[in-house]
Amino acid sequence: MIETKKRLSSDILSAALTVYGNSDLNADTVFEMLEYPPDKSMGDLALPCFKLSRTFRRSPVEIALKLAENIDSSVISEATALNGYLNFKISKNYFAGKVVSRILSEKERYGGSDVGAGKTVVLDYSSPNVAKPFHIGHLGTTVIGHSLKKLHEFAGYKCIGINYLGDWGTQFGKLIVAYRKWGDKKLIEDGGIDKLVELYVKFHEEAEKDESLNDMARAEFHKLEAQDEENIALWKWFLKISLIEYSKTYKQLGIEFDNYSGESYFYGDKKDLPIKILREKGLLKVDDGASIVDLSEYNMPPCLILKSDGSSIYAIRDIASAFWRKEEFNFDKSIYVTSAGQSVHFAQFFKVIELMGMEWADRLVHVPYGTVSINGSKLATRTGNVILLKDLFAMAIDKVAAVILEKNPNLENKEEIAESVGVGAIVFYYLSNNRIRDINFMLEDALSFEGNTGPYVQYTYARTCSILSKANSLVENVSLNITCEEENELVQVLSRFPEKVSEAIEQYEPSVVTRYILELAGSFNRFYHNCKILGAENEETVNVRLALTKAVNITLGNALELICLRKTEKI
């Protein structure tokens, strides 16, 4: 649709020049003004003429009427004026030929662009706290972040995915204390991260009764920062156990990271440079023994840089990591995908970097997302109120496997397909929501395969594969003569994919693509049920409808990959 809108914008400008003579109006301005009518019966595109009143010193009603009378464009079949709007119906055959031929030509690049060519984006996402398992609260940062990475890559950017592990902090002092008091090496080796969580939960239960445990934990973490050999060895062991567990989840999601530099990488001398700059700029102040940056002028709480005992805190580690990423990757944009609950923290350390005089401070972007609760209850590892992601995936996979066994027992690679659809169901459920919305995670809804769900769209993709595999061949360079409204609607939806990709990138919002997928799947399934494809009345219509099916197959496949869903050729 973008190319058609550009062509139409030029034709509208020509009509305006014919009627009103020279003005400051240009084709780009007209392009930005074009919109989609709320009612399809009005047309395919509309130009609100209200903004043109000042330019031409005429009423919008008159402008719309005059432009409708004078426009000459091969792009449209009709132009009508209504209440200050100029409504256009796109020429069906012209449009279908342009859209479908482009999709069949560009294939896996359809919807992509080169706007990011030569630019680098660093994305910080997933970033779990070590020694804690993945639960559904981690799903947001992981799938939103990876989807944003795929979207930016699709637009030509070089992307660096960083898993900034929470592998440093007082929680390790707590875990060290818990392990020495109640831990068993063999049990942890056999039970993995689940046993580490049990120790963490037990620590908090016991600390409720004995506050001295928290003092012990702080002391052990301080020893860890001082490179105590025993504590370092325990910390490395906890880290190894955690990464083994995380790799299983990432494999199920099809995610690989380019870098695993966690917080621990920045607690040492890498924080010295930003601290030096803070001191030289006179930004560091001592408050009750701690070193802070006062941000009251910006209506923010102070940013704590060093604790009173000299220990580093996560703000200075985040600042140090930002410096390192700029030096290492020379990014044009650095994106952080975390809970909205951390918005103040990111606002603080972005402001501190700005105050330090770093010209790249405005290239730091926080992408927040809403919280996840279970039936209204807040997630908390320390209380054990979590649903582990591996358990959720297992339940979904088992459900899909049971359906396959009942409906298609002879299907090849049943286990692989069950995993693709089961994991996809959970991911799609999450990404169907606007990222900033809080989600009350209802297991029954997440695993429902009815309606607008992941299995529905993956099955639609499989349906296109099945139709194409049954066809003898796909005729290239076919003339697309549109014969029914279902075909025209499908072309219209297909044309909007590149715009939706751009919108998703601009808004850092994968759900734009998810909603588009549902729109495309719905349009194709109406076409499938109402229009015979392989059994159409003549060879020309068969070829047209096969070309449309192939275009859907390509576009839907591209879109599914952008939201981390696997393309399923058979279900």
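These are my notebook entries on a few things I looked up in this predicted model.

**Entry 1: cysteines**

I began with the sulfur atoms. How many disulfides does the structure hold? I found zero. I then wanted to know why C159 has no bond to C564, whose sulfur is the closest cysteine sulfur to its own. The two sulfurs are 13 Å apart, which is too far for a bond, since a disulfide needs the pair within 2.5 Å. I also looked up whether C159 is buried or exposed. C159 counts as buried, because its relative accessibility is 9%, under the 20% cut-off. C303 counts as buried too, at 2% relative accessibility.

**Entry 2: helix α15**

Next I turned to α15, which covers residues 389–407. This helix has 19 residues, and I noted 27 Å from its first C-alpha to its last, close to the 27 Å expected. Which residues of α15 are buried? My list reads L389, L392, F393, A396, I397, V400 and I404. Looking down the axis of α15, I saw that these buried residues fall within an arc of 125 degrees, so they line one face of the helix. A general point helped me here: an α-helix has 3.6 residues a turn, so residues three or four places apart point the same way. On the other side of α15 I found D398, L405 and E406 exposed.

**Entry 3: a sheet of three strands**

I then followed the strands. In what order do they lie in this open sheet? The order is β1-β3-β2, and the pairing is antiparallel. I noted β1 (45–48) and β2 (76–82) at the edges; each has a single partner strand, so one side of each is left without a neighbour in the sheet. From one strand to the next, the twist averages 20 degrees. Looking at β1 and β3 (residues 85–90), I counted four bridges joining the antiparallel pair. Within it, P48 stands opposite Y85 of β3.

**Entry 4: helix α22**

My last stop was α22, residues 539–562. With 24 residues, α22 reaches 35 Å from first C-alpha to last, close to the 34 Å expected. How many of its residues are buried? I found 20 of the 24, so I wrote down that α22 is mostly covered. Which residue caps the N-terminal end? N538 does, with a side-chain oxygen 3.2 Å from the backbone nitrogen of E540. After α22 comes C564, whose phi is positive, near 70 degrees. C564 is also the residue I met in my cysteine entry, as the one with the closest sulfur to that of C159.

Notes. Residues are numbered from 1 along each chain as its sequence is written. This is a predicted model: local features need pLDDT of at least 70, side-chain atom pairs count only at pLDDT 80 or more; totals for chains, interfaces and linings use all residues. Side-chain values use heavy atoms; hydrogens and water are left out. Buried means under 20% relative accessible area, exposed over 50%, partly exposed in between (1.4 Å probe, protein chains only). Helices (H or I, at least four residues) and strands (E, at least two) are DSSP runs, numbered from the N terminus. The expected span of a helix is 1.5 Å times one less than its number of residues. The arc is that of the directions from the helix axis to the C-beta atoms. Two strands pair if DSSP finds at least two bridges between them. Axes are lines fitted to C-alpha atoms, for helices over the stretch in contact, and angles run from 0 to 180 degrees between N-to-C directions. A polar contact is a pair of N or O atoms within 3.5 Å; within protein, one must be able to donate a hydrogen and the other to accept it, and residues adjacent in sequence count only if both atoms are side-chain atoms.
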